Amino acid sequence: MEYTGAILSDDVFNKLKELIYEISGIYFSGQKKYLLETRLSKRLSVLNLPNFEDYYNYLKYSHDKILETQELLNSITTNETSFFRDMPQLEVFVDILKQVVQAAGNNAYKKIRIWSAACSTGEEPYTIGILIKENFPSPDIKFEISGSDISGHVLDSAKKGIYGSYTLRNVSAAVLKKYFDKIDDDLYRIKDEIKKMTAFHNVNLMDVKDVKKLNEFDVVLCRNVIIYFDAESKKKAITNIYESLKAGGYLFLGHSESLHSITSLFKLVGLGKTPLYRKE
Ligand SMILES: C[S@@+](CC[C@H](N)C(=O)[O-])C[C@H]1O[C@@H](n2cnc3c(N)ncnc32)[C@H](O)[C@@H]1O
């Protein structure tokens with residue numbers, strides 16, 4: 001990361017904070033001012049801008065404001081993820097998928113649709129793909145996985161499907177061998193049989209029109225995302241997701257996230273091992 005030496009004043013921090021909030025729902029509290037300063041100083045360097053006020057004006061008024069907004073989102077989002085993140089929760093996910101498959105019965109036309117909302121660099125949807133291959137070997141059951149994120153940068157990386165050993169730390173040697181090709185000392189590429197199960201989309205969970213592009217899901221995983229939102233943004237994102245689920249569909253949040261005091265749209269059906277919600 002490059003440092004320009006520019007200081008983010010309280011006044012400009014507040015303007016940037018509001019702009020980011022309006023676009024993405026992500027809320028930067030006063031304690032996170034330094035984090036924002038660090039994350040955005042690279043943009044000042046790239047654009048050759050002397051201070052954050054000029055950067056704010058560039059975002060608001062320049063010809064390139066749409067492109068720069070995407071760069072802003074790439075810079076300020078926290079994209080931490082890994083393969084097989086929170087395995088106890090994924091075990092519940094497989095159990096739920098078994099129920100969904102059973103409910104679909106012998107309907108040969110029925111596709112089971114799963115959405116990894118805010119999928120970052122793709123580890124979550126590809127983990128789902130591997131879990132499906134391992135648990136539902138019959139070619140008669142059709143699955144479709146969608147992965148989406150607000151950041152174009154992470155989606156580009158998801159589409160490439162190339163990963164280092166750190167993000168693969170929870171993958172067993174057998175699964176690594178079966179579903180990845182080693183392309184370098186520390187680099188692995190996800191195999192096409194998993195890749196082709198997933199389609200990636202640029203979707204902002206705050207944006208009704210954006211979210212409407214994706215619908216009729218049996219299961220949605222929206223893990224470790226709403227933690228960055230305030231209560232109002234959480235409600236907006238969850239309401240949008242609710243509309244994208246089939247009646248009876250399931251929603252998984254991250255293990256530290258909850259809909260308590262956010263919305264009563266969903267019925268809480270899992271507790272303890274994982275917060276699990278159902279659309280009635
Ligand atoms: C910490 S990652 C979580 C990745 C994955 N779901 C997991 O649990 O491992 C959070 C992701 O949420 C995305 N995000 C943040 N705000 C968003 C929004 N308004 N709409 C869609 N994605 C958003 C970020 O770009 C980031 O990639």
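This is a short chat about the ligand site, the salt bridges and a few single residues of a predicted model.

Student: Before we dig in, what kind of model is this?
Tutor: It is a predicted model, where local features need pLDDT of at least 70, side-chain atom pairs count only at pLDDT 80 or more, and totals for chains, interfaces and linings use all residues. Residues are numbered from 1 along each chain as its sequence is written, and side-chain values use heavy atoms, with hydrogens and water left out.

Student: Great. How many residues surround the ligand?
Tutor: There are 21, counting a residue if one of its heavy atoms lies within 4 Å of the ligand. The closest are T81, R85, D149, L205 and N224.

Student: And how far is the side chain of D149 from a ligand oxygen?
Tutor: An N or O atom in the D149 side chain is 2.6 Å from an oxygen atom of the ligand. For R85 the distance to a ligand oxygen is 2.8 Å, and for a polar side-chain atom of N79 it is 3.0 Å.

Student: How much of the ligand does the protein bury?
Tutor: The protein buries 99% of the 600 Å² that the ligand exposes when taken alone. Those areas come from the Shrake-Rupley method with a 1.4 Å probe.

Student: Switching to salt bridges, how many are there?
Tutor: The count comes to 13, where a salt bridge is a side-chain nitrogen of Lys or Arg within 4 Å of a carboxyl oxygen of Asp or Glu. One of them joins K111 and E144, at 3.3 Å from N to O. K111 lies in strand β1 (residues 111–117) and E144 in strand β2, so the pair ties together parts that are 33 residues apart in sequence. Strands here are DSSP E runs of at least two residues, and helices are H or I runs of at least four, numbered from the N terminus.

Student: What about D218, which residue does its side chain meet?
Tutor: K246, in a salt bridge of 3.1 Å, N to O. D218 sits in strand β7 (residues 217–222) and K246 in strand β8 (residues 245–253).

Student: Is D218 buried or exposed?
Tutor: D218 is buried, because its relative accessible area is 7%; buried means under 20%, exposed over 50%, and partly exposed in between (1.4 Å probe, protein chains only). K246 counts as buried too, at 17%.

Student: Last one: what does S146 touch?
Tutor: Leaving out residues up to four places away in sequence, S146 touches I114, W115, S116, A199, H201, L214 and F217, with contact meaning heavy atoms within 4.5 Å. S146 is in strand β2 (residues 142–149) and is buried at 8%.

Notes: Polar contact = N/O pair within 3.5 Å; in protein donor to acceptor, adjacent residues only side chain to side chain.
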